Amino acid sequence: MTTKHEFFVDMTCEGCSGAVTRVLNKLGGVQFEIDLPNKKVFIESDKDTDVLLETLKKTGKAANYIGPK
């Protein structure tokens, strides 16, 4: 069963959201939506939130887990 999670990622431009897209696509098994103006990423996945957060941090951007959506 997949759960939708909300994360804050300090994205400032299309390049930042592109980096998020790349790391999440590489992880696989996730569906996601990026809200660049509000610096939020919504991820639907059955993966552990720690795994998702560590993946987002691979972009080099500050990232925090906000909670289930």
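**Exercise 1. In which loop does Lys 39 lie, and how exposed is the residue?**

Solution. Begin with the position in the chain of this predicted model: Lys 39 is found in the loop that lies between E2 and E3. Next, consider the backbone, where the phi of Lys 39 is near 55°, a positive value in a residue other than glycine. For background, most residues other than glycine have a negative phi. Finally, turn to accessibility: with 25% relative accessibility, Lys 39 counts as partly exposed, because that class lies between under 20% for buried and over 50% for exposed.

**Exercise 2. Describe the stretch that UniProt annotates as a domain, using its secondary structure and its ends.**

Solution. The unreviewed UniProt entry places the feature "domain: HMA" at residues 2-64. Over these residues the chain is 37% helix and 33% strand, and the C-alpha atoms at the two ends are 20 Å apart.

**Exercise 3. Compare the span of helix H1 with its expected value, and then work out which side of H1 is buried.**

Solution. First, take the span: H1 covers residues 14-27, which is 14 residues, and from its first C-alpha to its last the helix reaches 20 Å, close to the 20 Å expected at 1.5 Å a residue.

Second, list the buried residues of H1, which are Cys 16, Ser 17, Ala 19, Val 20, Val 23 and Leu 24. They are on the same side of H1, because they cover an arc of only 150° around the axis. The general geometry behind such a pattern is that an α-helix has 3.6 residues a turn, so residues three or four places apart point the same way.

Third, look at the face of H1 turned away from the buried side, where the exposed residues Glu 14, Arg 22, Asn 25 and Lys 26 are carried.

Fourth, ask what covers the buried residues of H1: the cover includes strand E1 (3-9), strand E2 (30-35), strand E3 (40-45) and helix H2 (49-57). After H1 comes Gly 28, whose phi is positive, near 75°.

**Exercise 4. Explain why Cys 13 and Cys 16 do not form a disulfide, and say which of the two is buried and which is partly exposed.**

Solution. The sulfur of Cys 13 is 3.5 Å from the closest cysteine sulfur, which belongs to Cys 16, and this is too far for a bond, because a disulfide needs two cysteine sulfur atoms within 2.5 Å. The structure accordingly holds 0 disulfides. As for accessibility, Cys 13 counts as partly exposed at 35% relative accessibility, whereas Cys 16, at 4%, counts as buried.

**Exercise 5. Trace the surroundings of His 5 and Ser 45, starting from the strand in which each lies.**

Solution. His 5 lies in strand E1 and is buried, with a relative accessible area of 7%. Its side chain makes a polar contact with the side chain of Tyr 65, at 2.9 Å. Not counting residues up to four places away in sequence, the residues that His 5 touches include Val 41, Ile 43, Ser 45, Leu 52 and Pro 68.

Ser 45 lies in strand E3 and is buried too, with a relative accessible area of 1%. A polar atom of the Ser 45 side chain lies 2.9 Å from the backbone nitrogen of Lys 47. Leaving aside neighbours within four places in sequence, Ser 45 is in contact with residues including Thr 3, His 5, Val 30 and Leu 52.

**Exercise 6. Examine helix H2 from its N-terminal end to its buried side.**

Solution. At the N-terminal end, Asp 48 caps H2, with a side-chain oxygen that lies 3.1 Å from the backbone nitrogen of Asp 50. Within H2, Leu 52, Leu 53, Thr 55 and Leu 56 are buried. They are on the same side of H2, because they cover an arc of only 160° around the axis. These buried residues pack against E1, H1, E2, E3 and strand E4 (63-68).

**Exercise 7. Is Gln 31 buried or exposed, and which residues are in contact with Gln 31?**

Solution. Gln 31 is found in strand E2 and is exposed, with a relative accessible area of 55%. Leaving aside neighbours within four places in sequence, Gln 31 is in contact with Phe 42, Ile 43 and Glu 44. A further step sets sequence beside space: Gln 31 and Thr 2 are 29 residues apart in sequence, and their C-alpha atoms are 9.6 Å apart.

Conventions:
Residues are numbered from 1 along each chain as its sequence is written. This is a predicted model: local features need pLDDT of at least 70, side-chain atom pairs count only at pLDDT 80 or more; totals for chains, interfaces and linings use all residues. Side-chain values use heavy atoms; hydrogens and water are left out. UniProt positions are given in the numbering used here, feature names are shortened, and annotations may be inferred rather than shown by experiment. Helices (H or I, at least four residues) and strands (E, at least two) are DSSP runs, numbered from the N terminus. The expected span of a helix is 1.5 Å times one less than its number of residues. Buried means under 20% relative accessible area, exposed over 50%, partly exposed in between (1.4 Å probe, protein chains only). The arc is that of the directions from the helix axis to the C-beta atoms. Contact means heavy atoms within 4.5 Å. A polar contact is a pair of N or O atoms within 3.5 Å; within protein, one must be able to donate a hydrogen and the other to accept it, and residues adjacent in sequence count only if both atoms are side-chain atoms.
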